[in-house]
Amino acid sequence: MTDVSVTVPFLDVLAATQELETQVLEAVERVVRSGWYLLGDELAAFEREFATFTNAKHAVGVGNGLDAIVLALQALGIGPGDEVLVPSNTFIATWLGVARTGAIPVGVEPIDGEWNIDPDRLEAAITSRTRAIVPVHLYGQPADLKAVLSIAERQGLVVVEDAAQAHGASYADRRIGSHGHAVAWSFYPGKNLGAFGDGGAVTTNDANIADRVRALGNYGSSKKYLHDFAGTNSRLDEIQAAALRVKLRYLDSWNARRRIVAERYTQELAGIPGLSLPRMLPGREHVWHLYVVDHELRDQLQQHLATRGIQTLVHYPIPPHLSGAFASLGLVEGAFPIAERAARTHLSLPMGPHLSGQHITRVIDACRSFRP
Ligand SMILES: *Cc1c(COP(=O)(O)O)cnc(C)c1O
């Protein structure tokens, strides 16, 4: 790519921090001065507040989003010998989370143009070893949970939602957080609710699942020095929890700002030949973690925008089944054509609560001037 400096960044994380700087620093200072840094009042308060926000009875803070997937699956008894259905087009963490339990991730294609797991393809992928489904609310739009949950119920499977991109999204007028048996969250800094480092959580309406996740992430211990199972160390620390409490109060208004960006893109990018825009599905509230367009000449479009100082990203250039990490599954090109095509044609435009109106205009003008 030609070396033009970025003037429209993909996501301005620093601008988000600066808007809340005083309150965040106050929260961090409170923790530092307290002398208590793990498993304390800030975590307990954040867990209560995040559970309320997500309409779940319980929230358990963990170390990151990947661990949230692993611990939620383990709490539901998933392990070696099991198969878990996952979207063929997702961030590799969804597949890695399954693999880390010892289970085998089994890819299922998305609905072309909607990009979430296709319920009509789930049943064909179920075998006698299938134990769970992990739908991902990709790009911030909830998957078809009604269909997924009814198949799961009929087939005796559990559902762990990967909600790492969907903080604040709704399905059937209820916030994501308790539709499935458990819901995994990431607070990676670039997510809609992002920490100042790594963080994650599991939400659920089931107290047993919450207790197990909590124990698994704390050395398999629910009481100090009593270790009922071989757990790990995966905890959300007090500084992150205190900062997340501040940011949680802004999540709805920041998601509303993302929606305004998305509405402008959707109106003003309509009708460009060869460019497909995200489809909004009924009964769901999209929180626009990413605004992903689709173009056959994606690399040229990305280059065209880059020469105008506009930073875009590709989510994701290599589907999990073609990554070296999953070479042992023996899946080759052609195994998941929809995911493979998306990897060649998807392009994520700048998106975030701090993208200015002028910058949105520049992205739109640059897309409109693309003449391949
Ligand atoms: C970010 C993300 C994760 C992993 O979260 P980390 O906190 O980075 O471990 C998992 N799944 C999806 C879909 C993600 O976007």
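This is a guided tour of a predicted model, moving from the two domains to the core and then to a few single residues.

**Stop 1: the two domains**

Start by colouring residues 16-248 as domain 1 and residues 251-368 as domain 2. If you place a marker at the C-alpha centre of each domain, the two markers will sit 24 Å apart. On the domain 1 side, 44 residues take part in the contact, and 37 residues do so from domain 2.

**Stop 2: the interface**

Keep both domains on screen and turn to the surface between them. Together they bury about 3500 Å², with 60% of that on carbon and sulfur atoms. Which three residues of domain 1 supply more of its buried area against domain 2 than any other three? Select Tyr-139, Gln-141 and Asn-192: they account for 22% of the area that domain 1 buries there.

Next, look at the polar side of this interface. There are three salt bridges between domain 1 and domain 2, and 23 residue pairs are in polar contact, counting pairs with both residues at pLDDT 80 or more. To find the secondary structure that domain 1 brings to this face, show helix 1 (13-19), helix 5, strand 3 (104-108), strand 6 (170-171) and helix 9 (238-248); each gives two or more residues to the side that touches domain 2.

For a salt bridge to zoom in on, select Glu-19 and Arg-257. Their closest N and O atoms are 2.9 Å apart.

**Stop 3: the largest nonpolar core**

Now move to the largest nonpolar core, which has 29 residues. Show Leu-73, Val-84 and Val-213 as spheres, since these touch the most other members. To see the scaffold around them, display strand 1 (58-62), helix 4 (65-75), strand 2 (83-87), helix 5 (92-100), strand 5 (158-162), strand 8 (182-186) and helix 8 (207-216), the elements that each give two or more residues to this core. Helix 4 gives the most, with six residues. Keep the domain colours on here, as at least three residues of this core come from each of domain 1 and domain 2.

Stay with Val-213 for a moment. Beyond residues up to four places away in sequence, Val-213 touches Val-60, Val-62, Leu-71, Ala-72, Ala-75 and Val-202.

**Stop 4: along helix 8**

Which residues of helix 8 are buried? Select Ile-209, Ala-210, Val-213, Ala-215 and Leu-216. Their cover includes strand 1, helix 4, strand 8, strand 9 (200-204) and strand 10.

Then go to the N-terminal end of helix 8, where Asp-206 acts as a cap. Draw a distance from its side-chain oxygen to the backbone nitrogen of Asn-208, and you should read 2.8 Å.

**Stop 5: Thr-94 in helix 5**

Select Thr-94, which you will find in helix 5. Is it buried or exposed? Thr-94 has a relative accessible area of 1%, so it counts as buried. Its side chain makes a polar contact with the side chain of Asp-162, at 2.9 Å. Apart from neighbours within four places in sequence, Thr-94 is in contact with Ile-69, Val-86, Pro-87, Val-134, Val-136 and Asp-162.

**Stop 6: backbone details in the loops**

A reminder before the next selections: most residues other than glycine have a negative phi, and most peptide bonds are trans.

- Ala-172 is not a glycine, yet its phi is positive at about 50°. Look for Ala-172 in the loop between strand 6 and strand 7 (174-175).
- Tyr-219 also has a positive phi, about 60°, and sits in the loop between helix 8 and strand 10 (221-223). With 43% relative accessibility, Tyr-219 is partly exposed.
- His-315 and Tyr-316 are joined by a cis peptide bond, with omega at about 10°. Tyr-316 belongs to the loop between helix 11 (298-306) and helix 12 (337-345).

**Stop 7: Arg-344 in helix 12**

Finish in helix 12 by selecting Arg-344. This residue is partly exposed, with a relative accessible area of 47%. Setting aside neighbours within four places in sequence, Arg-344 is in contact with His-295, Arg-298 and Glu-333. For a last distance, pick the C-alpha atoms of Arg-344 and Pro-273: the two residues are 71 apart in sequence and 18 Å apart in space.

Note on methods. Residues numbered from 1 in each chain as written. Predicted model: local features only at pLDDT ≥ 70, side-chain atom pairs only at ≥ 80, totals over all residues. Heavy atoms only, no water. Core = buried A, V, L, I, M, F, W, Y, C linked by side-chain atoms within 4.5 Å. Buried < 20%, exposed > 50% of the residue type's maximum accessible area, 1.4 Å probe, protein only. Helix = DSSP H or I, 4+ residues; strand = E, 2+ residues; numbered from the N terminus. Domains from an automatic or database assignment. Contact = heavy atoms within 4.5 Å. Buried area = accessible area lost by both parts, 1.4 Å probe. Salt bridge = Lys/Arg side-chain N within 4 Å of Asp/Glu carboxyl O. Polar contact = N/O pair within 3.5 Å; in protein donor to acceptor, adjacent residues only side chain to side chain.
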